[in-house]
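Here is my note on the model you sent round. The points run from the helix at the start of the list to the backbone outliers at the end.

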Amino acid sequence: MLLETPRLVLRRFRAEDAAPLAAYRSDPLVARYQSWTAPVPLDSAARMVRGMAAGSPEEPGWFQYAIELKADRCLVGDVGVCLHENRMQAELGFTLAGDRQGHGYATEAVRAVLGDLFERRGLHRVSAECDARNDRSARLLRRVGFVQEGLLRQASWLKDEWTDDLLFGLLASDWQSPEGP
């Protein structure tokens, strides 16, 4: 376990996570605003899990936290952090299984990761971006304290169409540790 909240464990990926990862990343609604295309075959998910398990949250580059629900010990999503080489800033992204959305799990997981980045590791800034049509992700980012810093019009070619991107930032000076999930 790397991080823990009242309802979640954020940990490294394990081999047995390949099937649930393939399942939620194969959901067309989950994949809609993401860079991958559904379905995600099991062998691809197994390769992804091996790669994610080998990463380090303390080293520059991407690290994916597996989000495990304590109540039934199942994988429900992931939070990715790309630590900059200067170790003072990072980029954040998240994905949650469609049947687990709307219960506050993603918010709880993102707050836990942000708390670790700002409070323990002393980062100065965390950024995030999302497809401008992805209202739920934009609302989550605002809910945890991110400020929308920009809009890139037709900046990404994604799934055979140009999409607008929303840019968000959160500074350590603006971070407020939550009192609960």
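1. Helix α1, residues 18–25. In this predicted model, the buried residues of α1 are A18, L21, A22, Y24 and R25. An α-helix has 3.6 residues a turn, so residues three or four places apart point the same way. The buried residues of α1 pack against two helices, α2 and α3 (42–54), and against the strands β3, β4 and β5.

2. R25 and W36. R25 is one of the buried residues of α1, and its charged end sits over a ring. Which ring does the charged end of R25 sit over? The ring belongs to W36, and the charged end of R25 is 4.2 Å from the centre of that ring.

3. Aromatic pairs. The model has 3 aromatic pairs by the ring-centre rule. One of them joins F63 and Y65 in an edge-to-face arrangement, with 4.9 Å between the ring centres and 85 degrees between the planes. The angle is over 60 degrees, and therefore the pair counts as edge-to-face rather than tilted. F63 and Y65 are both buried.

4. The cavity. How many cavities of 30 Å³ or more does a search of the whole structure find? The search finds 1, and the space in the largest cavity is about 30 Å³. Its lining consists of S56, P57, E59, G61, F63, Y65, V81, L83 and R121. F63 and Y65, the edge-to-face pair, therefore appear again here, as lining residues under the 4 Å criterion. By class, the lining of the largest cavity has 5 nonpolar, 2 polar and 2 charged residues.

5. Elements around the cavity. Two strands, β3 (61–69) and β4 (74–83), each give at least two residues to the lining of the largest cavity. The largest share comes from β3, with 3 residues.

6. The largest pocket. This open space holds about 1,200 Å³. It is lined by 44 residues, of which Q34, F94, T95, N134 and S137 are the closest to its centre. Elements that supply two or more lining residues include the helices α2 (28–31), α4 (105–120) and α5 (135–143). The strands on that list are β3, β4, β5 (89–96), β6 (125–131) and β8 (162–171). Which element gives the most to the lining of the largest pocket? The answer is α5, with 7 residues. Divided by class, the lining of the largest pocket has 15 nonpolar, 16 polar and 13 charged residues.

7. R12. This arginine is in the loop between β2 (8–11) and α1. R12 has a relative accessible area of 32%, so R12 counts as partly exposed. Beyond its neighbours within four places in sequence, R12 is in contact with L2, D17, A53, A54, G55, S56, P57, F63 and A66. Among these contacts, S56, P57 and F63 also line the largest cavity. D99 is 87 residues from R12 along the chain, and their C-alpha atoms are separated by 22 Å.

8. R32. The loop between α2 and α3 holds R32. Its relative accessible area is 45%, which means that R32 is partly exposed. In sequence R32 and L158 are 126 residues apart, while their C-alpha atoms are 9.7 Å apart in space.

9. A cis peptide bond. Most residues other than glycine have a negative phi, and most peptide bonds are trans. The bond that joins A38 and P39 is cis, with omega about 0 degrees. P39 is in the loop between α2 and α3.

10. Positive phi values. R73 and D160 are the two residues to check here. Is R73 buried or exposed? R73 has 62% relative accessibility and therefore counts as exposed. R73 lies in the loop between β3 and β4, and its phi is near 50 degrees, a positive value in a residue other than glycine. D160 is in the loop between β7 (147–157) and β8. Its phi is near 70 degrees, again positive in a residue other than glycine. With a relative accessible area of 67%, D160 is exposed.

Conventions: Residues are numbered from 1 along each chain as its sequence is written. This is a predicted model: local features need pLDDT of at least 70, side-chain atom pairs count only at pLDDT 80 or more; totals for chains, interfaces and linings use all residues. Side-chain values use heavy atoms; hydrogens and water are left out. Rings of Phe, Tyr and Trp (its six-membered ring) pair if their centres lie within 6.5 Å; planes under 30 degrees apart count as stacked, over 60 as edge-to-face and the rest as tilted. Buried means under 20% relative accessible area, exposed over 50%, partly exposed in between (1.4 Å probe, protein chains only). A charge sits over a ring if NZ of Lys or CZ of Arg is within 6 Å of the ring centre and within 35 degrees of the ring normal. On a 1 Å grid over the protein atoms alone, a cavity is a set of points where a 1.4 Å probe fits but cannot get out, and a pocket is an open set with protein on both sides within 12 Å along at least five of seven lines; lining residues have an atom within 4 Å of a point. Grid points are joined across faces, edges and corners, and a volume is the space filled by probe spheres set on the points. Helices (H or I, at least four residues) and strands (E, at least two) are DSSP runs, numbered from the N terminus. Ala, Val, Leu, Ile, Met, Phe, Trp, Tyr, Cys and Pro count as nonpolar, Asp, Glu, Lys and Arg as charged, and the others, Gly among them, as polar. Contact means heavy atoms within 4.5 Å.
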